[in-house]
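Thanks for sharing this one with me. Here are my notes, arranged as numbered points so that you can follow them with the model open.

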Amino acid sequence: MHAEHTGTERSTLALARKGAVIVAAASLAWFVGVQGLAAIAAKSTSPALLQLFDPGAHPAVGYQLARIYLTARQPDKAVEMARPATLANPMEVRVVRTLGLALEASDKKTASTRVMRAAETLSWRDTPTSMWVLHDAALQRNLPRILGQLDALARRQTEFKLVQSLFYAGLDDAVSRQALAEKLANNPPWRSSFFADTRVNLQPQSYDRMEALLDLLDRSKMPPSSAERMTFIARMTETGQGAKARTYWIRTFHIAPAAHSQVLYDPAFRAVATRSKTAQVSPFEWSVGDDAPQFVSFRQDNYGYLLDVNPATDVSVPLIRQTLMLTPGTHTIDANIVQGSVQQAPAEWQLACSPSGTALIRRFATPGNALSGVTVTVPETGCDVQILSLVSSDRTDAQPLTIRSISIR
């Protein structure tokens, strides 16, 4: 049985407890204060302030100071700061990567490679590490590793120009092309941006290899969409590769053999009249102009489809158009007009070279008839691809008109 403490003893114990609490609180306050100051210092660019803290106890400070030394081309000092910081926080990729780059700058290649490959395993979100890995993988010719880092960069939407240029380089050989196709077949978030870039930056010398890539995708679980195919077709067409574009279009969209030989595809408007307004349209099919739906419409009678054309409020509004590949020489455009007068027609045919946009001079079988019996001469050079457009006319007395079909001979 314990003896009860006297009043003096109780006072002494209470004082001791208070003292212990005060000491503990003071120690904790000091620790928190130091940590807070270190956190503030870690955001500083002042070496004098950063050097007040032990990089081994405060790895964020060590990282910042090492980064400053590395930028100042003092790699040995950078290593001195980064090494204890790395040992204190070996799971922080930025710290590990900084040590690796500092070792590399100090010509310690073996140690640097070992550290940087450790950084590679820590995170795919660190861009400087990814850039180092790309170089290292290229030296080893390790294609899966290269594509893995390109995928990581593309997912983060960083270093876009470099990534896209390397994707284009991947078209050059069959092995790389197959690997790129497999990546695309997984439908990564950067797939749409990859194809969007080809619309403006894919070069003609890469068209055959791009077609081969699309053929590989055709056999995958995620084949090219109509929009992706159209992107490629439009790019080829606009850069003067109309024949190649039309051949690919016929093959990949399974155009009926009977349509191959037609100078003008869909001359009776069957396809365009039944097509959804949101459907993807090839340059070699009729497309309705953005501002044209209020002026043109399609309907069906007992003999087929008809194109109704109404007067437009502005001159030269493209109503319908498509890309042609007429041979050099003279050609005549004829239209089967079933309602309305050509003398008051609200629209007329125009033919221009692509991609220059140079309009071809028209000659008319009858004065004022710019819809039927319109003759143009395609030059020998510089006009392999043409754009045929039905555009609104400037006639003040224009009246509605209906066309059943057109032909070019």
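The points below go through two helix pairs, a sheet and an aromatic pair.

1. A word on the source before the details: this is a predicted model, so please read the points that follow in that light.

2. Let us begin with helix α8 (residues 143-155) and helix α9 (residues 160-169), whose axes lie 10 Å apart and make an angle of about 140°. Because angles over 145 degrees would be needed for roughly antiparallel, this pair counts as oblique. The crossing of α8 and α9 is left-handed.

3. Which residues make the contact of α8 and α9? From α8 come Leu-147, Leu-150, Leu-153 and Ala-154, and from α9 come Val-163, Leu-166 and Phe-167. By class, these residues are 7 nonpolar, with no polar and no charged ones.

4. The second helix pair is α5 (residues 93-105) with α7 (residues 127-140), where the axes come within 9 Å and cross at roughly 45°. α5 is thus oblique to α7, and α5 passes α7 in a left-handed crossing.

5. On the α5 side, the contact involves Val-93, Arg-97, Leu-101 and Glu-104, while α7 brings in Pro-128, Thr-129 and Trp-132. Sorted by class, the contact of α5 with α7 has 4 nonpolar, 1 polar and 2 charged residues.

6. Now to the sheet. It is open and has 6 strands, in the order β2-β3-β10-β5-β8-β7, with antiparallel pairing. The edges are β2 (296-301) and β7 (362-364); each has a single partner strand, so one side of each is left without a neighbour in the sheet. On average, neighbouring strands of this sheet are turned by 35° against each other, with direction ignored.

7. Within that sheet, how many bridges join β5 to β10? There are 6 bridges between β5 (residues 329-339) and β10 (residues 401-408), and the two strands run antiparallel. If you would like a place to look, Asp-334 stands opposite Ser-407 in β10.

8. Last, the aromatic rings. A search of the whole structure finds 11 aromatic pairs. One of them is Phe-167 with Phe-194: the ring centres are 5.8 Å apart and the planes stand at 85°, so this pair is edge-to-face. Phe-167 sits in helix α9 and Phe-194 in helix α11 (residues 191-201), 27 residues apart, so to speak a link between distant parts of the chain. Phe-167 is also among the α9 residues that make the contact with α8.

Terms used: Residues are numbered from 1 along each chain as its sequence is written. This is a predicted model: local features need pLDDT of at least 70, side-chain atom pairs count only at pLDDT 80 or more; totals for chains, interfaces and linings use all residues. Side-chain values use heavy atoms; hydrogens and water are left out. Axes are lines fitted to C-alpha atoms, for helices over the stretch in contact, and angles run from 0 to 180 degrees between N-to-C directions. Helices (H or I, at least four residues) and strands (E, at least two) are DSSP runs, numbered from the N terminus. Angles under 35 degrees count as roughly parallel, over 145 as roughly antiparallel, 65 to 115 as roughly perpendicular and the rest as oblique. A crossing is left-handed if the near helix is turned anticlockwise from the far one by less than a right angle, and right-handed if clockwise. Contact means heavy atoms within 4.5 Å. Ala, Val, Leu, Ile, Met, Phe, Trp, Tyr, Cys and Pro count as nonpolar, Asp, Glu, Lys and Arg as charged, and the others, Gly among them, as polar. Two strands pair if DSSP finds at least two bridges between them. Rings of Phe, Tyr and Trp (its six-membered ring) pair if their centres lie within 6.5 Å; planes under 30 degrees apart count as stacked, over 60 as edge-to-face and the rest as tilted.
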